[in-house]
Amino acid sequence: MKLLNSKIVFIMMIGFVLVLAACGKQNSNNGSSKDKVLNVGTEATFAPFEYQQKGKIVGFDVDLLNAVAKQAGYKISIKNTGWDAMLAGLQNKELDVGMAGITINDERKKSYDFSNPYFESKSMIVFKKGTNIKTAKDLIGKKVGVQNGTTGQFTAESILGKNSNKISKYETSALCFTALKSGDVDAVVTDNAVALQYVKNNPNSNLETVTDKSFKSEYYGIAFPKNSDLKAKFDKALTKVMDNGEYAKIYKKWFNKQPDVDVLKN
Ligand code: ARG
């Protein structure tokens, strides 16, 4: 009799624990935003911001987004969707976030929401040593490679004309550099940090860079679908990550110097 009792108590206890576990699981799934995983799209051939290493997407953007998302109470799942699919995915709300060194501008603001700026950038020209390029004007008459739909394209168009047949548009950032190496184009216009990183990583390609006074500062933002409630949460979290030193730590890791966060607070 006693044995039977303790068996029943034991079974009841197990049942109780199982019910508790089930409740807990349900809570974490529909409850707070804490465990929500956000779908992030990127174009991962844009070192040092996002690129593939041993099958993983890594880079400054990835580290920063992880820190900001964590601060806001989210997890992220980042996929190399490509540039166009990333933008389309934000527009049809299949993606929650776009993180790809995306420059904030008025045209894009019509279709997406952006976080506050997290990085300052400018266009830069990359070319093989010996090519006569000293300023932007020297691009005239040369073949120029750009990533389609990026500010590199817009900069090249401002110099060569919008419909210039001298501009070759590539789907990824990496393909621009492949074209430069093979001689399909004479120069590439891209973001300065990406240009400098590429030149540094490819010392045998004998490349050089120049900027031009006419190239204006651009600012990267985290992109969201229009009217996403993530914008406010991520802005708050980004400020926190900048104030608590995490941003400087990540910046130091990828750029080996201290950031000037004041230029971002315009
Ligand atoms: N900052 C530029 C733009 O927004 C280029 C971004 C390209 N990013 C990339 N991951 N390929 O147009």
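Student: How do helices α2 and α9 run relative to each other, roughly parallel or roughly antiparallel?

Tutor: The axes of α2 (residues 60-72) and α9 come within 9 Å and cross at roughly 165 degrees; axes are lines fitted to C-alpha atoms, for helices over the stretch in contact, with angles from 0 to 180 degrees between N-to-C directions. Angles under 35 degrees count as roughly parallel, over 145 as roughly antiparallel, 65 to 115 as roughly perpendicular and the rest as oblique. The two helices α2 and α9 are therefore roughly antiparallel.

Student: What pLDDT do local features need in this predicted model?

Tutor: Residues are numbered from 1 along each chain as its sequence is written, and side-chain values use heavy atoms, with hydrogens and water left out. The model is predicted: side-chain atom pairs count only at pLDDT 80 or more and totals for chains, interfaces and linings use all residues, whereas local features need a pLDDT of at least 70.

Student: How many residues in the contact of α2 with α9 are nonpolar?

Tutor: From α2, the residues F60, D63, L64, A67 and Q71 meet E246, Y247, I250, Y251, K253, W254 and F255 of α9, contact meaning heavy atoms within 4.5 Å. Ala, Val, Leu, Ile, Met, Phe, Trp, Tyr, Cys and Pro count as nonpolar, Asp, Glu, Lys and Arg as charged, and the others, Gly among them, as polar. In the contact of α2 with α9, three residues are charged, one is polar, and the nonpolar ones number eight.

Student: Is Y251 of α9 buried or exposed?

Tutor: Y251 lies in helix α9 (residues 246-255). Leaving aside residues up to four places away in sequence, Y251 touches F60, F119, N256, K257, Q258 and P259. Buried means under 20% relative accessible area, exposed over 50%, and partly exposed in between (1.4 Å probe, protein chains only). The relative accessible area of Y251 is 11%, so Y251 is buried.

Student: How do α2 and α8 run relative to each other, roughly parallel or roughly perpendicular?

Tutor: The axes of α2 and helix α8 (residues 230-243) come within 8 Å. They cross at roughly 115 degrees. The helices α2 and α8 are therefore roughly perpendicular.

Student: How many residues in the contact of α2 with α8 are nonpolar?

Tutor: Here L64, L65, A67, V68, A69, Q71 and A72 of α2 meet K233, F234, A237, L238, K240 and V241 of α8. In the contact of α2 with α8, two residues are charged, one is polar, and the nonpolar ones number 10.

Student: Which strands stand at the edges of the sheet of five strands?

Tutor: This open sheet has the order β11-β10-β12-β9-β13, with mixed pairing; strands are taken to pair if DSSP finds at least two bridges between them. Each edge strand has a single partner, so one side is left without a neighbour in the sheet: the edge strands are β11 (167-170) and β13 (207-210).

Student: In β12, which residue is the bridge partner of I125?

Tutor: Strand β9 (residues 123-128) and strand β12 (residues 187-191) pair in the antiparallel sense over five bridges. In β12, the bridge partner of I125 is V189.

Student: How many strands are there in the protein chain?

Tutor: Helices (H or I, at least four residues) and strands (E, at least two) are DSSP runs, numbered from the N terminus. Three strands form another open sheet, in the order β2-β3-β4 with antiparallel pairing. Alongside nine helices, the number of strands in the protein chain is 15.
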